[in-house]
Amino acid sequence: MAKAYTEAEFDILMDKVEKVDIRVKEYLKLVGYEKWARLYALVNRGWTMTSNIAESINAALVSARELPKYDFLEEVRKMFGRWNCSNRKEASHTYTTLGKKYQKMLSSNEAMSTRMTVVPSTEYFHTVNDEGRHYTICLLERKCSCGRFQVDELPCPHAWAVLKSKFLMLEDYCSDYYTKVCGNDIRGAHVSAA
């Protein structure tokens, strides 16, 4: 349910939970769907479902915890510097506009789009037939009725089919946050600020 893109998908999964134990459904509703479900989040969380990065950082700093505060903070600064340098180096050896993870997702979406047919309605609105199901895509607003295009900020398979049919540049419809250039600028700012 946390990863559902549409209310229908969410409701089907919630019905399954309810059949197992109604108390779980009531608890999740009480906590507030916006706190754990991507569909109801007040901000776009993308793929962030956990805060495991804190655990990774904590594990990497086990020995440094015994140091005095200033020395501990210096170890933290150096660790982030090493990580940023390593990430920047890996990104600079990538021959795609997007980061590796996002390029892989796009390739998967492209493969799924090959079996779809596109019917244009206007310059920006299109209907995509995907094995009997119909999806509406608005290129101007970067939205698809499947929910993935606007949440992931990457073209879903349906948007891919439309972009391909119109010979449009795919990268123009991806969030800048997934590009190497934006990623390097952000990492560079963090390194120089430290």
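This report covers the fold, the sheet, a pocket and one histidine of a predicted model.

## Overall fold

The protein chain has 8 helices and 4 strands. Their order from the N terminus is α-α-α-α-α-β-β-β-β-α-α-α. The four β elements thus sit in one run, with five helices before them and three after.

The protein chain holds 194 residues, and 31% of them count as buried. Contacts were also sorted by separation in sequence. Among those with a separation of 6 or more, 50% join residues 24 or more positions apart.

## The sheet

The 4 strands form an open sheet. Their order is S1-S2-S3-S4, and the pairing is antiparallel. S1 and strand S4 (143–144) are the edge strands, each pairing on one side only. Strands of a sheet pair through backbone hydrogen bonds, either parallel or antiparallel.

Strand S1 spans residues 117–120 and strand S2 spans residues 125–130. The two run antiparallel and are joined by 4 bridges. They form a hairpin, with 4 residues between them. Within this pair, Val119 stands opposite Thr127 in S2.

## The second largest pocket

Rolling a probe the size of a water molecule over the atoms shows where empty space is left. The second largest pocket holds about 200 Å³ of space.

Its lining draws on separate parts of the sequence. Tyr5, Thr6 and Glu9 contribute. So do Arg115, Asp130, Glu131, Arg133 and Tyr135. Ser145, Cys146, Arg148 and His158 complete the list. By class, the lining has 6 charged, 3 polar and 3 nonpolar residues. Asp130 is both a lining residue and part of strand S2 (residues 125–130).

## His158

His158 is one of the residues that line the second largest pocket. It lies in helix H7, which covers residues 157–165. Is His158 buried or exposed? His158 counts as buried, because its relative accessibility is 6%, and the cut-off for buried is under 20%.

The side chain of His158 makes a polar contact with the side chain of Asp130, at 3.4 Å. Both residues line the second largest pocket.

Which residues does His158 touch, leaving out those up to four places away in sequence? They are Met116, Val128, Asp130, Tyr135, Ile137, Cys144 and Cys146. Among them, Asp130, Tyr135 and Cys146 also line the pocket. Val128 and Asp130 fall within strand S2 (residues 125–130), and Cys144 falls within strand S4 (143–144). His158 in helix H7 therefore touches residues of the sheet as well as of the pocket lining, since contact means heavy atoms within 4.5 Å.

Conventions. Residues are numbered from 1 along each chain as its sequence is written. This is a predicted model: local features need pLDDT of at least 70, side-chain atom pairs count only at pLDDT 80 or more; totals for chains, interfaces and linings use all residues. Side-chain values use heavy atoms; hydrogens and water are left out. On a 1 Å grid over the protein atoms alone, a cavity is a set of points where a 1.4 Å probe fits but cannot get out, and a pocket is an open set with protein on both sides within 12 Å along at least five of seven lines; lining residues have an atom within 4 Å of a point. Grid points are joined across faces, edges and corners, and a volume is the space filled by probe spheres set on the points. Ala, Val, Leu, Ile, Met, Phe, Trp, Tyr, Cys and Pro count as nonpolar, Asp, Glu, Lys and Arg as charged, and the others, Gly among them, as polar. Buried means under 20% relative accessible area, exposed over 50%, partly exposed in between (1.4 Å probe, protein chains only). A polar contact is a pair of N or O atoms within 3.5 Å; within protein, one must be able to donate a hydrogen and the other to accept it, and residues adjacent in sequence count only if both atoms are side-chain atoms. Two strands pair if DSSP finds at least two bridges between them.
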